[in-house]
Amino acid sequence: MSLDILIKSGKIIDGTGNPWYRGNIGIKDGKITDISLNLREDANKILDASNLIICPGFIDIHSHTDYILPVNRSQESTLYQGVTTTVTGMCGDGMAPIPVGKEEDFKKIVAKLDPVLQQFDYPYHTFSEYLEYNEKKRNSANLAFCVGYGNIRWAGGQGFENRDATPNEMEQMKFYLREAMEAGAFGMSTGLIYAPQIFSKTREIIELVKVVAEFKGIYFSHIRSEGKDIINAIQEVIEIVEQSGCIGGQIAHHKIAGEAFWGRSKQTLELIEKANERGIHITYDQYPYNRGMSDLVTALPPWVREGDNDLIIKRIKDTETQERIKKDVEEGIEGWENWIQNEGMKNIYISTVVSEKWKDTAALNIPEITRMKGLADDWETFFQLLIDNNLSVGITIESMSEDDIRRIMKGRYHMVGTDGFGIPGAFTAGAFHPRCFGTYPRILGKYVRDEKLLTLEDAIRKMTSFPASKLRLKDRGLIKQGMWADLVLFDHHKINDKATYKNPYQLPEGIPHVLVNGTIVVKDGIKNKKSPGKVLKFRP
Ligand SMILES: [Zn+2]
């Protein structure tokens with residue numbers, strides 16, 4: 001039996017955390033069929049890996065690629081980093097389900113994420129139809145989907161209203177959630193700083209996560225605060241996981257945001273450690289940058305964000321309401337992540353806008369824009385940006401310290417996730433977060449090779465077998481006979497991220513080959529048009 005592909009004489013790092021060894025990998029019918037020290041030559045294709053490391057493809061456990069899929073399915077910016085499986089539907093906002101009769105309303109909601117999403121048809125209703133729809137499309141890499149609490153609340157619950165669910169709404173939400181889990185969702189995600197999820201009480205989330213627990217699924221959470229109230233927010237996740245009986249909690253993009261709170265990662269990591277000692281499974285993911293990415297509308301106090309866009313815009317046009325907003329920002333509101341107060345206008349940078357008038361503001365911070373546009377003050381810039389762009393303003397926020405980033409990265413429960421999007425390499429609109437292009441090579445270059453914060457083998461484990469075991473993927477995340485041949489070949493002397501905040505659209509260096517399900521998708525640093533990616537389903 002001749003092999004489809006032979007990868008010869010590379011340094012194999014198998015994903016377990018064990019030290020590398022030199023060997024050859026044989027691939028047949030998409031899977032790893034043999035790993036040998038002696039060289040076989042009977043293969044249709046040979047990849048020479050003499051100066052390269054061969055490791056399992058990276059599993060991006062936190063991604064928002066699902067927003068981009070209707071526009072472009074190439075997943076380029078993540079594939080070039082070596083991501084072969086993307087877990088998406090995060091922070092409570094995904095693309096399904098869409099109840100019958102609510103199609104137009106759905107388009108209005110996704111338009112808040114990106115106005116271009118309003119132009120597409122979404123030819124599915126249930127979560128199972130959504131997975132089927134994605135299976136029929138061309139996928140460069142594997143996709144795993146979660147269902148968003150925001151979607152469930154909109155589909156069956158109290159929508160954008162600031163109140164508790166009625167018993168009937170609770171049943172409806174559970175119905176949609178159960179349908180998604182049966183279809184193969186890996187779990188439910190929440191984004192507890194976003195409207196309307198910000199209006200939800202802990203006990204409502206516990207009730208819903210009980211359904212996730214019935215299916216042995218995972219609860220992914222963008223927690224209620226990453227700054228001032230982070231200790232309470234971590235305690236809330238622990239409570240939700242414990243009270244629901246869920247066997248896997250995942251804290252999204254763990255960080256300490258806001259200079260006044262730097263250093264609190266010591267306490268958060270201790271809380272996570274103690275929870276695990278008590279048998280509550282909590283892990284987390286991280287991207288290696290000092291800025292977050294979100295949307296400007298979330299800088300508004302929660303009460304301003306109730307209801308639909310028209311209502312929100314009407315509020316912020318009103319000068320008296322503007323004064324009330326300024327006062328709330330200054331004084332703070334219990335339980336609200338107040339970015340303008342915590343980080344300051346100078347640390348808020350524009351990434352994407354929709355209005356032509358504001359296109360020249362990409363990568364600038366708010367005071368820079370105020371000066372450039374000759375506006376009265378930063379507040380005027382803030383309100384005008386939101387009004388002119390129909391609230392669709394993407395931002396990056398400089399908020400983290402290098403000490404916290406490093407402490408979180410070294411933590412025992414740490415995995416890697418981009419919190420980004422797989423976007424086309426030739427994309428140039430606005431200034432997306434560089435994490436979309438550089439997360440994995442940045443860790444392997446800067447933090448592993450240059451700063452020796454982690455060993456290479458351990459860093460790769462956190463990118464491969466650790467997320468695979470969390471996701472209960474039994475046939476991915478390791479180099480082992482019988483596993484799907486999702487593989488990355490890279491040069492550890494050359495690997496580097498190149499994407500910056502000013503110029504994010506730059507591919508990394510030092511990753512010549514990427515294979516998905518035994519098919520070469522990136523060869524000599526160039527992506528081809530093959531689409532061997534599968535839609536994975538949660539089958540614990
Ligand atoms: Zn998030």
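These notebook entries record what I looked up in a predicted model.

**Entry 1: the zinc site**

I began with the zinc ion and asked which protein atoms donate to it. I found C91 through SG, H222 through ND1 and H253 through NE2, at 2.1 to 2.3 Å from the ion. I then noted the spacing of these donor residues along the sequence, which is C-x130-H-x30-H. C91 belongs to the loop between β7 (83–88) and α2 (103–113), and H253 to the loop between β12 (249–251) and α8 (265–277), so this pair ties together parts that are 162 residues apart in sequence. I also checked burial and recorded both C91 and H253 as buried.

**Entry 2: V83 in strand β7**

I next turned to V83, which is found in strand β7. Is V83 buried or exposed? I recorded V83 as buried, because its relative accessible area is 1%, where the cut-off for burial is under 20%. Leaving aside residues up to four places away in sequence, I listed F58, D60, T78, A141 and Y440 as the residues that V83 touches. I looked at Y440 further: its C-alpha atom is separated from that of V83 by 8.3 Å, although the two residues are 357 apart along the chain.

**Entry 3: the sheet of β14, β16 and β15**

I traced an open sheet of three strands, in the order β14-β16-β15, with antiparallel pairing. β14 (291–295) and β15 (348–352) stand at the edges with a single partner strand each, so one side of each has no neighbour in the sheet. For neighbouring strands here I noted an average turn of 30° against each other, direction ignored. I then followed β14 to β16 (residues 394–398) and found five bridges joining these antiparallel strands. In one of the pairings I looked up, G292 has I397 of β16 as its bridge partner.

**Entry 4: helix α10**

I closed with α10, a helix of 13 residues (319–331). From first C-alpha to last, α10 reaches 19 Å, close to the 18 Å expected at 1.5 Å a residue. Which residues of α10 are buried? I listed T321, Q322, I325, D328 and V329. These buried residues lie on the same side of α10, because they cover an arc of only 125° around the axis. In general, an α-helix has 3.6 residues a turn, so residues three or four places apart point the same way. The covering of the buried residues of α10 includes α9 (309–317), α11 (339–342) and α13 (378–388). On the face turned away from the buried side I noted the exposed residues T319, E320, E330 and E331. After α10 comes G332, for which I recorded a positive phi near 80°.

Technical notes: Residues numbered from 1 in each chain as written. Predicted model: local features only at pLDDT ≥ 70, side-chain atom pairs only at ≥ 80, totals over all residues. Heavy atoms only, no water. Pairing = 2+ DSSP bridges. Helix = DSSP H or I, 4+ residues; strand = E, 2+ residues; numbered from the N terminus. Axes fitted to C-alpha atoms, helices over the stretch in contact; angles between N-to-C directions. Donors = N, O, S within 2.8 Å, 3.2 Å for Na, K, Ca; no water. Buried < 20%, exposed > 50% of the residue type's maximum accessible area, 1.4 Å probe, protein only. Expected span 1.5 Å × (residues − 1). Arc of directions from axis to C-beta. Contact = heavy atoms within 4.5 Å.
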